[in-house]
Amino acid sequence: MDLRTFLNDEARHVWRPEGPVPLVQGITALQQELDARGQYPVIRIDRPLQADGQVNPMPVVCNLTASRPLTARALGVPDHRNFARVYSTKTGVPIPPQIVKRSEAPVQEVVQRGADANLLALPILTQHVMDPGPYLTAAHATTYEPDTGVDNTAIQRCWVKGPRRMSYYPYPTSHNIRNLRKFWAKGEPCPVVFWIGHHPKVLMGSQAKLAYPESHWAATGGLMGEPLRLVPSVTFGDKIMVPADAEIVIEGVCPPNLFEVDGPFGEYTGYMGPQVAAPVCEITAITRRKDAIYHDYGSGHADMLVPDNMVMEGKVYGMVKPVSSTLQRVHVPVSGRRFHAYLEFREPPLGEVRDALAVCLGYRRLKAVIAVDSDVDIFSDSAMMWALATRVQWERDAIVINGLSGSLMDPSLARGARTVEKIGIDATLAPSEIPGAPKPVPPRNTVTPEALKAAKALLEGINPADWPTL
Amino acid sequence: MPDKIEQLRPHSPGGEKRGNTSWTQCPACDGWLHTTTDLLNRGTIKLHCPHCAGDFLPKDAKRIVMA
């Protein structure tokens, strides 16, 4: 199971532009325009155009997981609306990884050590205006906790500054930065590897939200339904394993307390994140397949938001279901970046919705959580706005808590604040109070199923291209 | 740090909405870049201007407007 398996399985959804496309903003501009059109093909660029006018021989793949239905299908979930339950269940049944020999690892077909390793030979994108240079955006950074040897993996950005030098920005609350600091406290450089390109099951399984320290490999195996194949890294041996079927691996060390600037960088929020101080990573080796494909995530675009948010849905489902058994589905909408979650309930007993909201507010990434009944489509922002408009009295139905951990990249944070104000909104209808009697709320406007069927038949085959749109 | 940092007021007595982003002006090209206050306070790490690719220490910035 690898990136190629997925590209072959979904070949009819892969768009391959014929001409060269610039690595500097050209590919990202395609993603931006496709997002605006609501179209999400996988994009494979066979002729990525470098800033120096040369075509890089290594193809680029992006928008791999920009489509919810396609991404859910890749993970074996026929209906994307059920993704949260399936993801939560499968990653909760871990399958230990399998260690293979180097000769059986495609990602080590080409091994470049020391001065032979050259990051600048990779077709790395510069995505947005004000990005200071090319960034790895789909690099899965794996470090380990020095006392236990337990590994950790997270997608974290790297600004490539030279053939063997880059800044590496693990978020200040991440498990990887904890590992870096533990090595540095011993006066030692922190080993780190970055692996790029794999099947979406592996990409998303490795993003399971786990305790610390806890390896992501077994949770990934759970989502795959089979052991993830790992191979020892060429620099660090079995201290850091890497996925044997990845496309590219970059290995290096972060010297103690050595920082340089990183950013500004176009973030998931849709804004440019500020320039920050970030650890430096010195590259020791690059390994790859002979015909490697470079994978990029369009930061702040559906490409990155969809898989990230779907993983969050699994996490939220796993947190809420034990306390609110009437929870049906979860949606973390792209419109809310990572800050919003919608919860669907079926006939919740008194108190259960607010229990669920309280649980969700403890999840660092979420800032607003809205709960609705199962007659509201949580995959429609318009339907959610209707529920808010007609089922909520603000003071009665909102839980507001200040001083919680949250994203420091939120442009609305109070000046100097290190914590966030969050809200949970109960937008469900009032429950029945007398058994057998209707809920004490008005019925919805509707038409009969027969009338609706007839209307659909009448509209069948009509071309509305020249109808007014507003 | 430059002698004169323009420090925005930390609190809003009336609870008005105020931004949280600090801006630094490049001494070479006059372009503005936003940074964390942590990066500015370290003082020893060179900032990188995304407009002209020049590097400079915070003390050499033309202006710093700190939120």
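This passage describes two open sheets of chain A and a helix packed on one of them.

The model is predicted: local features need pLDDT of at least 70, side-chain atom pairs count only at pLDDT 80 or more, and totals for chains, interfaces and linings use all residues. Residues are numbered from 1 along each chain as its sequence is written, and chains are lettered from A and ligands numbered from 1 in the order in which they are written.

One open sheet has five strands (DSSP runs of E, at least two residues, numbered from the N terminus). Its order in chain A is β22-β23-β24-β26-β25, and the pairing is mixed. Strands count as paired if DSSP finds at least two bridges between them. The edges are β22 (327–331) and β25 (398–404) of chain A, each pairing on one side only. Neighbouring strands are turned by 15° on average, direction ignored; axes are lines fitted to C-alpha atoms, for helices over the stretch in contact, and angles run from 0 to 180 degrees between N-to-C directions.

Within this sheet, β23 (residues 340–345) and β24 (residues 368–373) of chain A run parallel over six bridges. A:Glu344 has A:Val372 in β24(A) as its bridge partner.

Helix α9 (residues 352–361) of chain A packs on the sheet. Helices are DSSP runs of H or I, at least four residues. The helix touches β22, β23, β24, β25 and β26 (420–426) of chain A, contact meaning C-beta atoms, placed from the backbone, within 7 Å. Its direction makes about 160° with that of β26(A).

The other open sheet has four strands in the order β1-β3-β5-β21 (chain A), again with mixed pairing. Here β1 (14–15) and β21 (294–295) of chain A are the edge strands. Two bridges join β1(A) in parallel to β3 (residues 42–45) of chain A. A:Trp15 is partnered by A:Ile43 in β3(A).
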